[in-house]
Amino acid sequence: MTQATPTPSRREQILQALALMLEEDSGKRITVAALAKQVGVTEAALYRHFPSKARMFESLIEFIEETLFARIGRILEEEHEALPRCAALLTLLLSFAEKNPGLSRLLDGGVLTGETARLRTRIHQLFERLETQLRQVLREAELREGRRPSLPASAAANLLLATAEGRISQYVRSDFRRRPTEYWEDQWGLLSAQLLRESPQPA
């Protein structure tokens, strides 16, 4: 017997509707009135679940953070070498953006123009956490594998994340026609070939 899919809560329905509007309404400012119409409730009903539109956006950002970093934790448990770890982390980010076009607008940050500065800070902090994780992986390579980045670890981590951010921005700018994972396998092959080198051995 097939088990019925649980009906999402009203709070989840609101967030799903907001993500859908981010995907469909390119360039339009989302209002609480429009969101209430999308969900099929009154504005007052929305405010019973979220005190403000900013809190709705913040909940979506929290979902992105929790999803990405839970999966990154599993990647670090399963992969033990730096290059596969970096590849898996960046592929996760690009694939997540590709599968969630509305949320990719949040990652790009443009949709937050005119919203509270706290939301833009949250997105900045999310990418800072990702860059810190990449930097840590690269620094550990010398201890674990006897290999170190061709650039300083901070510069190398920044380059890797900037590449992924650029792919996400292209995706948003093209109205989701240019997939973030397009060409990624070949691009990663080029990046990874130059990323690490053998640490010099003591004389």
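**The two domains**

Start by colouring the chain of this predicted model by its domain assignment, which gives domain 1 as residues 8-51 and domain 2 as residues 53-198. The C-alpha centres of domain 1 and domain 2 are 27 Å apart.

Next, show the interface. On one side are 15 residues of domain 1, in contact with 17 residues of domain 2. The size of an interface is often given as the accessible area lost when the parts come together. Here domain 1 and domain 2 bury about 1400 Å² between them, and 69% of that is on carbon and sulfur atoms. Select Leu 22, Glu 23 and Arg 29 in domain 1: these lose the most area to domain 2, together 37% of what that side buries.

What links the two domains in polar terms? Between domain 1 and domain 2 there are zero salt bridges, while three residue pairs are in polar contact across the interface. Now select helix H1 (10-24) and helix H2 (32-39), the elements that give two or more residues to the side of domain 1 that touches domain 2. H1 gives the most to that side, with seven residues. By class, the side of domain 1 that touches domain 2 holds 11 nonpolar, one polar and three charged residues.

**Salt bridges in H4 and H7**

Side chains of opposite charge can pair when their charged atoms come close. The count for the model is 13 salt bridges.

Select Glu 58 and Arg 118, which form a salt bridge with the closest N and O atoms 3.2 Å apart. Glu 58 is in helix H4 and Arg 118 in helix H7, so this pair ties together parts that are 60 residues apart in sequence. Which of the two is buried? Glu 58 is, with a relative accessible area of 9%, whereas Arg 118 is partly exposed at 41%.

Extend the selection to Arg 55, Glu 62, Glu 65 and Arg 122; with Glu 58 and Arg 118 they are linked in a network of salt bridges. Stop at Glu 65, which lies in helix H4 (residues 53-78). Glu 65 counts as buried because its relative accessibility is 14%, below the 20% limit. Leaving aside residues up to four places away in sequence, Glu 65 touches Arg 122 and Leu 126.

**Glu 140 and its two partners**

Move along H7 to Glu 140, which is partly exposed at 21% relative accessible area. The side chain of Glu 140 meets that of Arg 85 in a salt bridge of 3.2 Å, N to O. Arg 85 sits in helix H5 (residues 82-99), 55 residues from Glu 140 in helix H7. Arg 85 is buried, with a relative accessible area of 6%.

Glu 140 also meets Arg 144 in a salt bridge, at 3.4 Å from N to O. Both residues of this pair lie in helix H7, four residues apart, about one turn of the helix. Arg 144 is partly exposed at 48%.

**The loop after H8**

Most residues other than glycine have a negative phi, and most peptide bonds are trans. Select Asp 175, in the loop between helix H8 (153-173) and helix H9 (184-195). Asp 175 is not a glycine, yet has a positive phi of about 55°. It is partly exposed, at 38%. Phe 176 lies in the loop between H8 and H9 too, with a positive phi near 70°. Phe 176 is buried, at 17% relative accessible area.

How values were computed:
Residues are numbered from 1 along each chain as its sequence is written. This is a predicted model: local features need pLDDT of at least 70, side-chain atom pairs count only at pLDDT 80 or more; totals for chains, interfaces and linings use all residues. Side-chain values use heavy atoms; hydrogens and water are left out. Buried means under 20% relative accessible area, exposed over 50%, partly exposed in between (1.4 Å probe, protein chains only). Contact means heavy atoms within 4.5 Å. Domain bounds come from an automatic or database domain assignment. Buried area is the accessible area (1.4 Å probe) that two parts lose on being put together, summed over both. A salt bridge is a side-chain nitrogen of Lys or Arg within 4 Å of a carboxyl oxygen of Asp or Glu. A polar contact is a pair of N or O atoms within 3.5 Å; within protein, one must be able to donate a hydrogen and the other to accept it, and residues adjacent in sequence count only if both atoms are side-chain atoms. Ala, Val, Leu, Ile, Met, Phe, Trp, Tyr, Cys and Pro count as nonpolar, Asp, Glu, Lys and Arg as charged, and the others, Gly among them, as polar.
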